[in-house]
Amino acid sequence: KETIKTFNIGYSINKNQQLLPYFQNQKYNSDALLQCGLFVDTKQGYIDRFKGRIIFPIHNPTGKVIAFSGRIFKDSKIAKYVNSPETPIYHKSNTLYGLHESKHHIRTLKSVIVVEGYFDYLQLFQSGINNVVAISGTAFTDKHAQLLRRYTNNIFLAYDGDKAGVAAAIKAGYILLKHGHDAKIINMPKDIDPDDWIHKEGPKPFKEALENFILYIENKKIDFEFSDCSLGNIFIAGF
């Protein structure tokens with residue numbers, strides 16, 4: 001409950017026009033309604049983009065809400081996540097979820113853990129691992145690396161323990177090195193993400209993995225479990 005309150009997690013009722021009438025009553029014009037990213041223009045008119053979804057507000061570093069991500073609440077054939085589109089105030093390539101709450105912890109501990117998902121972030125944060133941020137519906141970018149330089153250059157990558165997660169961590173590590181960061185990779189169990197790992201086993205194994213990190217540049221130490229991952233060859237050749 002405390003996590004839900006702290007991060008303003010909510011729910012959008014499963015109706016096409018639950019939110020729309022409120023904004024129409026505020027006298028916003030149709031262009032502004034479409035540009036804000038909360039609505040989708042259809043043949044039947046504007047409908048709520050996030051209907052029937054758990055809502056994760058996305059904040060800028062000062063704590064102002066600039067976008068939303070919505071996760072489907074019940075099993076369905078529709079997309080698991082829907083995110084705000086790019087808007088004049090939201091650019092996912094330089095936005096990190098949770099930074100507004102974690103920035104003070106990052107500066108105090110002089111390090112940051114980067115994860116891939118909202119639930120990964122929230123599970124770590126409520127487990128007392130507070131120097132964490134999550135990428136926001138996109139791959140790690142140069143702008144993310146530049147943003148983190150304001151707080152620390154000591155970066156831990158805690159990506160999912162599957163083939164895609166390994167490949168994404170390799171790419172992110174290269175970007176971090178390019179921008180002068182000290183990049184480290186946390187060795188995750190196979191096919192497990194940080195949320196599931198902590199949920200099943202508590203935070204202790206994750207904290208132990210933090211202490212036994214793999215330096216990105218020391219490529220010989222990395223035991224690629226996914227030998228067919230072509231990015232692994234690129235990574236090793238790069239050094």
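In which helix is the place of His 144? In this predicted model, His 144 sits in helix H6, which covers residues 142-148, and a look at this residue and its neighbour is a convenient way into the structure. His 144 has a relative accessibility of 0%, and because buried means under 20% relative accessible area, it counts as buried. If residues up to four places away in sequence are set aside, His 144 touches Lys 92, Ser 93, Asn 94, Thr 95 and Leu 96, and also Ile 135, Thr 138 and Ala 139.

Ala 145 lies in helix H6 as well, and with 0% relative accessibility it too counts as buried. Leaving aside its neighbours within four places in sequence, Ala 145 is in contact with Phe 140, Ile 175, Leu 176, His 179 and His 181. Distance along the sequence and distance in space can both be given for a pair of residues: Ala 145 and Pro 194 are 49 residues apart in sequence, and their C-alpha atoms are 21 Å apart in space.

From these two residues we can step back to the whole chain. The protein chain contains 10 helices and 12 strands, and its C-alpha atoms fill a box of roughly 60 × 35 × 35 Å, taken along the principal axes. A compact globule of 239 residues would have a radius of gyration near 18 Å, and the 19 Å of this protein chain agrees with that expectation. Of the contacts with a separation of 6 or more, 62% are accounted for by residues 24 or more positions apart, while 47% of the 239 residues count as buried.

What, then, lies in the interior? In soluble globular proteins, nonpolar side chains tend to be buried together. In this model the largest nonpolar core has 28 residues, and those with the most contacts inside it are Tyr 97, Ile 113, Val 115, Tyr 121, Leu 124, Ile 186 and Phe 206. Several elements give two or more residues to this core, among them strand E4 (53-59), strand E5 (65-72), strand E8 (112-115) and helix H9 (204-211). The largest share, 5 residues, comes from H5, a helix that is mostly covered, with 7 of its 9 residues buried; the buried residues of H5 include Tyr 118, Tyr 121 and Leu 124. Just after H5, Gly 128 takes a positive phi of about 90°.

Ile 186 shows how one member of the core meets its surroundings: not counting residues up to four places away in sequence, it touches Ile 113, Phe 156, Leu 157, Ala 158, Phe 206, Ala 209 and Leu 210. A second, separate core of 24 residues includes Val 112, Leu 147, Leu 176 and Tyr 216.

The loops offer another point of interest, which concerns the backbone. Most residues other than glycine have a negative phi. Asn 8, however, has a phi near 55°, a positive value in a residue other than glycine; it lies in the loop between helix H1 (2-6) and strand E1 (10-12), and its relative accessibility of 45% makes it partly exposed. Asp 191 also has a positive phi, of about 60°, although it is not a glycine. Its loop runs between strand E11 (182-185) and H8, and Asp 191 is exposed, with a relative accessible area of 53%.

Finally, we can turn to the outside and to charge. The protein chain exposes about 13200 Å², of which carbon and sulfur atoms supply 50%. The chain has 30 positive and 24 negative side chains, and the centres of these two sets lie 7 Å apart.

Terms used. Residues numbered from 1 in each chain as written. Predicted model: local features only at pLDDT ≥ 70, side-chain atom pairs only at ≥ 80, totals over all residues. Heavy atoms only, no water. Helix = DSSP H or I, 4+ residues; strand = E, 2+ residues; numbered from the N terminus. Rg over C-alpha atoms; globule rule 2.2 N^0.38 Å. Buried < 20%, exposed > 50% of the residue type's maximum accessible area, 1.4 Å probe, protein only. Contact = heavy atoms within 4.5 Å. Areas by Shrake-Rupley, 256 points an atom, 1.4 Å probe, with all protein chains shown as cover. Lys, Arg positive; Asp, Glu negative; His and termini not counted. Charge placed at Lys NZ, Arg CZ, Asp CG, Glu CD. Core = buried A, V, L, I, M, F, W, Y, C linked by side-chain atoms within 4.5 Å.
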